[in-house]
Amino acid sequence: MQRPSADQLWQTPLAGTAPPLREPEEASRVHDLLVEVGAEFADADLARERLAFERRLSLSSSAAWVQVPKTFVTLHGTRSFKVKVDPRKLPPGAHYAEIRGVDSTEPARGPLFRVPVTVIRTEPMPDGSTTW
């Protein structure tokens, strides 16, 4: 059985807690989120491979309301980048976007990781109140 390379195992948890933006006050302001990205190595004895690991990534978002840096360099371990989410002009309803990280030297491989971003805009109450 062939051992997966570091390129095949990516972890992309959002730093801290990042639930979907769904409350009216959450969906009415800009959010700066921190995304952590790192390659996960299969074996503990790969110290030399870990130290040599470096990937230059091109970042993109599938929606204009999610802004990401154009480039990002990741080394062994976890690194983070800032994401700006601006849901203020979205219509009521559920909205989904995806952040993708592609190896700049081998873009044909497709995304090495994807980070989902979800915003739920509620319908405003007819009288403008926020209580039942």
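Me: What relative accessibility does G93 have in this model?
Reply: Keep in mind that we're looking at a predicted model. G93 sits in strand β7. Buried would mean under 20% and exposed over 50%, so G93 lands in the partly exposed class, at 25%.

Me: Which residues does G93 touch, if we skip those up to four places away in sequence?
Reply: One hint comes from the C-alpha atoms: those of G93 and I120 are separated by 5.6 Å, although the two residues are 27 apart along the chain. I120 does turn up in the contact list of G93. The full list is V119, I120 and R121.

Me: Staying in β7, is H95 buried or exposed?
Reply: H95 is also placed in strand β7. The cut-off for buried is under 20% relative accessible area. H95 has 16%, so we call it buried.

Me: Which residue's backbone oxygen does the side chain of H95 reach?
Reply: Don't look among the contacts further along the chain, which are W65, L90, V117, T118, V119 and R121 once neighbours within four places are left aside. The side chain of H95 reaches, at 2.7 Å, the backbone oxygen of P91.

Me: W65 touches H95, so where does W65 lie?
Reply: W65 is buried, with a relative accessible area of 13%. Its contacts beyond four places in sequence include K84, V85, H95, Y96 and V117. As for its place in the chain, W65 lies in the loop between β3 and β4.

Me: How far apart in space are W65 and K89, C-alpha to C-alpha?
Reply: In sequence, 24 residues separate W65 and K89. In space, C-alpha to C-alpha, the gap is 8.5 Å.

Me: Which element gives the largest share of the largest nonpolar core?
Reply: In soluble globular proteins, nonpolar side chains tend to be buried together. Here the largest core has 20 residues, and W65, V66, F81, V85 and F113 have the most contacts inside it. Two or more residues come from each of β2, β3, β6, β7 and β8. The largest share is five residues, and the strand that gives them is β8.

Me: Which residues is V66 in contact with, leaving aside neighbours within four places?
Reply: V66 is among the residues with the most contacts inside the core, and so is V85. V85 shows up among the contacts of V66 too. The whole set is S61, V83, K84, V85, A97, I99 and V117.

Me: Which strands stand at the edges of the open sheet?
Reply: Four strands line up in the order β5-β3-β7-β8, with antiparallel pairing. A strand at an edge has a single partner, so one of its sides has no neighbour in the sheet. From one strand to the next, the twist averages 25°. Going by partners, the edge strands are β5 and β8.

Me: Over how many bridges do β3 and β5 pair?
Reply: Strands of a sheet pair through backbone hydrogen bonds, either parallel or antiparallel. For β3 and β5 the sense is antiparallel. Within this pairing, S58 has T71 as its bridge partner, and R56 stands opposite V73. The number of bridges between the two strands is five.

Me: Which residues of β5 point to one face and are buried?
Reply: In a regular strand the side chains alternate between the two faces of the sheet. Along β5, T71, V73 and L75 point to one side and are not buried. The buried ones, on the other face, are F72 and T74.

Me: Which residues do salt bridges that share partners join into one network?
Reply: Side chains of opposite charge can pair when their charged atoms come close. R100 forms a salt bridge with E98 at 3.1 Å, and R114 meets E98 at 3.0 Å. R114 is in β8 and E98 in β7, so that second pair links distant parts of the chain, 16 residues apart. With E98 as the shared partner, the network is E98, R100 and R114.

Me: Is E98 buried or exposed?
Reply: Its partners differ in accessibility: R100 has 26% and R114 has 45%, and each counts as partly exposed. E98 has a relative accessible area of 13%, so this residue is buried.

Me: How many salt bridges does a search of the whole structure find?
Reply: Another one joins R56 and E54, 3.2 Å from N to O, and E54 counts as partly exposed at 36%. Searching the whole structure, the count is six.

Conventions. Residues are numbered from 1 along each chain as its sequence is written. This is a predicted model: local features need pLDDT of at least 70, side-chain atom pairs count only at pLDDT 80 or more; totals for chains, interfaces and linings use all residues. Side-chain values use heavy atoms; hydrogens and water are left out. A salt bridge is a side-chain nitrogen of Lys or Arg within 4 Å of a carboxyl oxygen of Asp or Glu. Buried means under 20% relative accessible area, exposed over 50%, partly exposed in between (1.4 Å probe, protein chains only). A polar contact is a pair of N or O atoms within 3.5 Å; within protein, one must be able to donate a hydrogen and the other to accept it, and residues adjacent in sequence count only if both atoms are side-chain atoms. Contact means heavy atoms within 4.5 Å. Two strands pair if DSSP finds at least two bridges between them. A nonpolar core is a set of buried Ala, Val, Leu, Ile, Met, Phe, Trp, Tyr and Cys residues joined through side-chain atoms within 4.5 Å. Axes are lines fitted to C-alpha atoms, for helices over the stretch in contact, and angles run from 0 to 180 degrees between N-to-C directions.
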